[in-house]
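The following exercises are to be worked through with the sequence and the coordinates at hand. Each task is followed by a solution in steps.

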Amino acid sequence: MTSFDHHRRPLVVGIGGTTRAASSTERALGFALRGAEAAGAKTRLFGGTFLHSLPHYAPENSIRTDEQLELIEAVRHADALIIATPGYHGGVSGLVKNALDTLEELRADERPYLDGRAVGCIVTAYGWQAAGSVLTSLRSIVHALRGWPTPFGAGINTLETRFDSVDTCSDAKVVDQLATVGQQAAQFALTFTAQAARGPNAARDPLQPAQPARLLHAV
Ligand SMILES: Cc1cc2nc3c(=O)[nH]c(=O)nc-3n(C[C@H](O)[C@H](O)[C@H](O)COP(=O)(O)O)c2cc1C
């Protein structure tokens, strides 16, 4: 695995899990975050218990709880993210989607939503069908939030793969896949932070507009 040689370690924020104490989704996310750390990133995990403490996101409400603000601030400062959801009835779980809806609070930022951030995507499900279709749904959500889904996303069939503890997985191939998700998110973050460190006067790609379009809700 490659290591970063950079003055600032990128921050990779993990969001995911379920309300279950032994959540395989959260454990899978932990493996991916350790992959990001092995590639040189620092990480922060918002797991199922934390996500359960978030109120249902209400855009018309101007008062946010401490937990909502904690999540918003962490994502605001993140260089990359990893999102892990179970497939619930063919879609992203409400728990994870509510956390993502809360990121609406980033709409007016200099970097709106997940702009300029790589996002690793992980799905667990009781079968390959939901693992694949929900991974596609999750990537569409990331696109809507202006994030960059990593090339490799992990779909895990939890009828075949067990996570008996936070650092135990029955399938070494799945461990490798999760590490790859974390590694790709961290490597992309390094590339973006290095570009930002070169500053606004760095040579610009002539095919890119001078100012990024500030379209909201474009997708
Ligand atoms: C409400 C609910 C809906 C579910 N819907 C699906 C589904 O549509 N397809 C599927 O393959 N698995 C489905 N599952 C199974 C979960 O995706 C699977 O057990 C997942 O690994 C749970 O993650 P956890 O261990 O982190 O709780 C569902 C589970 C629950 C509780």
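A polar contact is a pair of N or O atoms within 3.5 Å. The model treated here is predicted.

**Exercise 1. Determine how the ligand is held by polar atoms and how much of its surface the protein buries.**

Step 1. Begin with the side chain of serine 23: one of its N or O atoms is 2.6 Å from an oxygen atom of the ligand. This distance is within 3.5 Å, so the pair counts as a polar contact.

Step 2. Turn to arginine 20, where a polar side-chain atom lies 2.8 Å from a ligand oxygen atom.

Step 3. Examine tyrosine 126, which approaches through its backbone: an N or O atom there lies 3.0 Å from an oxygen atom of the ligand.

Step 4. Consider the surface. The ligand taken alone exposes 640 Å², and the protein buries 75% of that area.

**Exercise 2. Describe the site of the ligand and the make-up of its shell.**

Step 1. Locate the site: the ligand sits in the second largest pocket.

Step 2. Identify the contributing elements. Two or more residues of the shell come from each of helix H1 (24-38), strand E3 (80-88) and strand E5 (118-125). The largest share, three residues, is given by E3.

Step 3. Name the nearest residues. There are 16 residues around the ligand, and those that come nearest are Ser23, Ser24, Thr25, Gly87 and His89.

Step 4. Classify the shell by residue type: five residues are nonpolar, ten are polar and one is charged.

**Exercise 3. Decide whether arginine 64 is buried or exposed, and find its polar partners.**

Step 1. Place the residue: arginine 64 belongs to the loop between helix H2 (48-53) and helix H3 (66-76).

Step 2. Apply the cut-off. Buried means under 20% relative accessible area; arginine 64 has 13% and is therefore buried.

Step 3. List the partners. A polar side-chain atom of arginine 64 lies 3.1 Å from the backbone oxygen of alanine 58, and a polar contact of 3.1 Å links the side chains of arginine 64 and glutamate 105.

**Exercise 4. Characterise serine 93 and set it within the chain as a whole.**

Step 1. Serine 93 lies in the loop between strand E4 (91-92) and helix H4 (94-102).

Step 2. Its relative accessibility is 1%, so serine 93 counts as buried.

Step 3. Compare sequence with space: serine 93 and glycine 16 are 77 residues apart along the chain, while their C-alpha atoms are separated by 9.7 Å.

Step 4. For the whole chain of 219 residues, buried residues make up 47%. The chain contains six helices and seven strands.

Key: Residues numbered from 1 in each chain as written. Predicted model: local features only at pLDDT ≥ 70, side-chain atom pairs only at ≥ 80, totals over all residues. Heavy atoms only, no water. Near = heavy atom within 4 Å. Polar contact = N/O pair within 3.5 Å; in protein donor to acceptor, adjacent residues only side chain to side chain. Areas by Shrake-Rupley, 256 points an atom, 1.4 Å probe, with all protein chains shown as cover. 1 Å grid on protein atoms, 1.4 Å probe; cavity = no way out; pocket = protein on both sides within 12 Å on 5 of 7 lines; lining within 4 Å. Sits in = over half its atoms within 2 Å of the grid points. Helix = DSSP H or I, 4+ residues; strand = E, 2+ residues; numbered from the N terminus. Nonpolar A, V, L, I, M, F, W, Y, C, P; charged D, E, K, R; others polar. Buried < 20%, exposed > 50% of the residue type's maximum accessible area, 1.4 Å probe, protein only.
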